[in-house]
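Please have the sequence and the three-dimensional model side by side before reading on. The paragraphs that follow move from the surface to the interior and back again.

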Amino acid sequence: MGSEHQIAFFLRELAGRDTQRRVAAAKGLGKLGRREHAWVLAETAGDPAPQVREAAAVGLGRLGVPEAGEKVLPLLMRDMDPWVRRRASLAAIRLELHGDGIVRAFAGLLNDPEHHVRINALVGLTALGVPGDVPALVSLLGDPDGAVWGRARSLIYVLRDDPAVKAEVIRTARQGEAAARVEALTLLPRQCTERLLDSLLAGLRDPSPDVRIAVAGRLSGVETPQVRDALAAALDAEQSPAVAARLLGMLEQPDDRQLIGPARRWLHDPVAGPAAARALGEVDTGTAVELLRGVIDDTAVPGPTRAAAAKAIGECGRWDAVWQLLPLLDDPDADVQAGAVDGLGAAVYRGLRFWERWPVTRVLVDRLTAEPGTAYRTGYALIGLPDALPALRRLADSAEAAEVRAAVLSLLVPEDLDGPGRGRYGSAEDVRRLVRALDDPEEPVRYRAALALEQWLKFGFALPPDREALHNRLETLASDPSPRLRRAAATVLQTLADPGGRN
């Protein structure tokens, strides 16, 4: 509350001729004035100078008298000056104005050329819980400003059961402008897909690649000959690598030889190449595998494509797959190395031949220590390879890198008690190793140890004799600063307390 002297000064200045002094007076009155001065600012909102009208709008919001602003602020929200509209809309939000007049005022700002004003309109309508102008609101799904379309999307989601809003979203999903159509297609629930089917099939030929991608995504999961034929035809005619990648991913299917031609076409493209390689891996014919072999040997092909080809070769499981992949672990491209690891992991999952086990075990275990940053990926490739267990146990006890210790602890628990190598798992020393790891100085190691202990309990293996000490340690970890470690420790404690719940 300002002094009477200052307020009297501002009131005199508001009646003066100097624009800048009137601006300063309106700002000052908004800061120091009392409730009754809100009506003075409301009258000032008709000043010929936009700077004064702007200052009056700011002052009305600050003084907090809704009755003074309910008539003048909607008028200022239609002002020719964008700064006046912006300040007036903010003041209306601040005063929590409501009623048909304010709704119409906010609705009129949805198409404002100034993005801050559009944001204010959306904030105001969201507070009121109404769409304002449904077509204008839904059209903002295509707004170039993320803050605008994000708020529009949120409001539309809140109002999704409003019949007018739902109908406009469906109309936009069928025939809206490209950017808005893409967002509308992601907003509608899956059960609307059949209703949109004709427009979706036509949308595969839309001029906008973004729309074609969105339409293809909407068609994913629709398993009918009509849709698959339309997707295949779209892939044959497609010129955009991003769209082709999406279509290849949707169409990949075991033994579908018709995909070989389109996949070959896109195999050397830096964007669609990885999807083409994955599709050829699914086809898994002699021709497809030969194309994949050519890709991994061609260093001119982008790394991500060679990586996808390497993984696909491992999944195909041909007689020479392992020998094709092992040299790639020394490739200068890190993506290719990662793809080779994934490919070897796929080969392990399929089941290695006797003479392949030792070479794969050796190179993957060596990679654990040589590349600690990729330990989890390498560890995943070793799952189900009992030949590696002796080396993994040594690493769990002595590896310098916490990432390696954490990764190998998960590998000491069998995935399948009836699977190969069953007799090499189940060691009581492994359980003690996991319990010791609960005291590791690094959180990732403690966390993985807790998860592994939970798995041991589920498999029904006995715990170490000092069960009380283990219980106390787990209780301590249940108060650890790490949320995930707290949850894991609590789960193990619960399993200990309920032995009848084990699998």
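A residue is called buried when its relative accessible area is under 20%, exposed when it is over 50%, and partly exposed in between, with a 1.4 Å probe and protein chains only as cover. The model is a predicted one, in which local features need pLDDT of at least 70 and side-chain atom pairs count only at pLDDT 80 or more, while totals for chains, interfaces and linings use all residues. Residues are numbered from 1 along each chain as its sequence is written, and side-chain values rest on heavy atoms, with hydrogens and water left out.

We begin at the surface. Lys-27, Lys-31, Arg-62 and Arg-94 gather there in a patch of positive charge. Patches are built from residues with over 30% relative accessible area and no salt bridge, like charges being joined within 9 Å and nonpolar side chains (Val, Leu, Ile, Met, Phe, Trp, Tyr) within 5 Å; accessible areas come from the Shrake-Rupley method with a 1.4 Å probe, and for residues only the protein chains shown count as cover. For charges, Lys and Arg count as positive and Asp and Glu as negative, with His and the chain ends not counted, and the place of a charge is taken as NZ of Lys, CZ of Arg, CG of Asp or CD of Glu. Within this patch, Arg-94 is found in helix H7 (residues 82–94), where helices (H or I, at least four residues) and strands (E, at least two) are DSSP runs numbered from the N terminus. With a relative accessible area of 57%, Arg-94 is exposed.

A second surface patch is nonpolar: Trp-319, Trp-323, Phe-354 and Trp-355 form it, and together they have about 610 Å² of accessible area. Of these residues, Trp-323 lies in helix H22 and is partly exposed, at a relative accessible area of 37%.

The salt bridges come next. A salt bridge is a side-chain nitrogen of Lys or Arg within 4 Å of a carboxyl oxygen of Asp or Glu, and the structure holds 26 of them. One joins Asp-143 to Arg-118, with the closest N and O atoms 2.9 Å apart. This pair links distant parts of the chain, since Asp-143 sits in the loop between helix H10 (134–139) and helix H11 (146–158) and Arg-118 in helix H9 (residues 115–128), 25 residues apart. Both partners are covered, as Asp-143 counts as buried at 10% relative accessibility and Arg-118 is buried at 9%.

Another salt bridge brings together the side chains of Asp-320 and Arg-293 (2.8 Å, N to O). Here too distant parts of the chain are linked, with Asp-320 in the loop between helix H21 (303–316) and helix H22 (321–325) and Arg-293 in helix H20 (residues 286–297), 27 residues apart; Asp-320 and Arg-293 are both buried.

A further bridge, between Asp-439 and Arg-473 (2.5 Å, N to O), has Asp-439 in the loop between helix H28 (428–437) and H29 and Arg-473 in helix H30 (residues 467–477), so that it ties together parts 34 residues apart in sequence. Asp-439 is exposed, with a relative accessible area of 52%. Elsewhere, salt bridges that share partners join Arg-393, Asp-397, Glu-429, Asp-430, Arg-432, Arg-433 and Arg-436 into one network.

Turning to the interior, which residues of helix H14 (residues 193–203) are buried? They are Thr-193, Leu-196, Leu-197, Ser-199, Leu-200, Leu-201 and Gly-203, and their cover includes helix H12 (163–175), helix H13 (178–187), helix H15 (209–219) and helix H16 (225–237). In the loop between H14 and H15 is Asp-206, buried at a relative accessible area of 18%. Leaving aside neighbours within four places in sequence, Asp-206 is in contact (heavy atoms within 4.5 Å) with Arg-181, Val-211 and Arg-212.

Thr-305, in helix H21, is buried with a relative accessible area of 0%. Beyond its neighbours within four places in sequence, its contacts are Leu-267, Asp-269, Gly-273, Pro-274, Ala-277 and Val-295.

Finally, helix H29 (residues 443–459) contains Ala-452, which counts as buried at 5% relative accessibility. Apart from neighbours within four places in sequence, Ala-452 is in contact with Leu-409, Val-413 and Leu-434. Glu-443 also lies in helix H29 and is buried, with a relative accessible area of 18%; with the same neighbours set aside, Glu-443 is in contact with Ser-482, Arg-484 and Leu-485.
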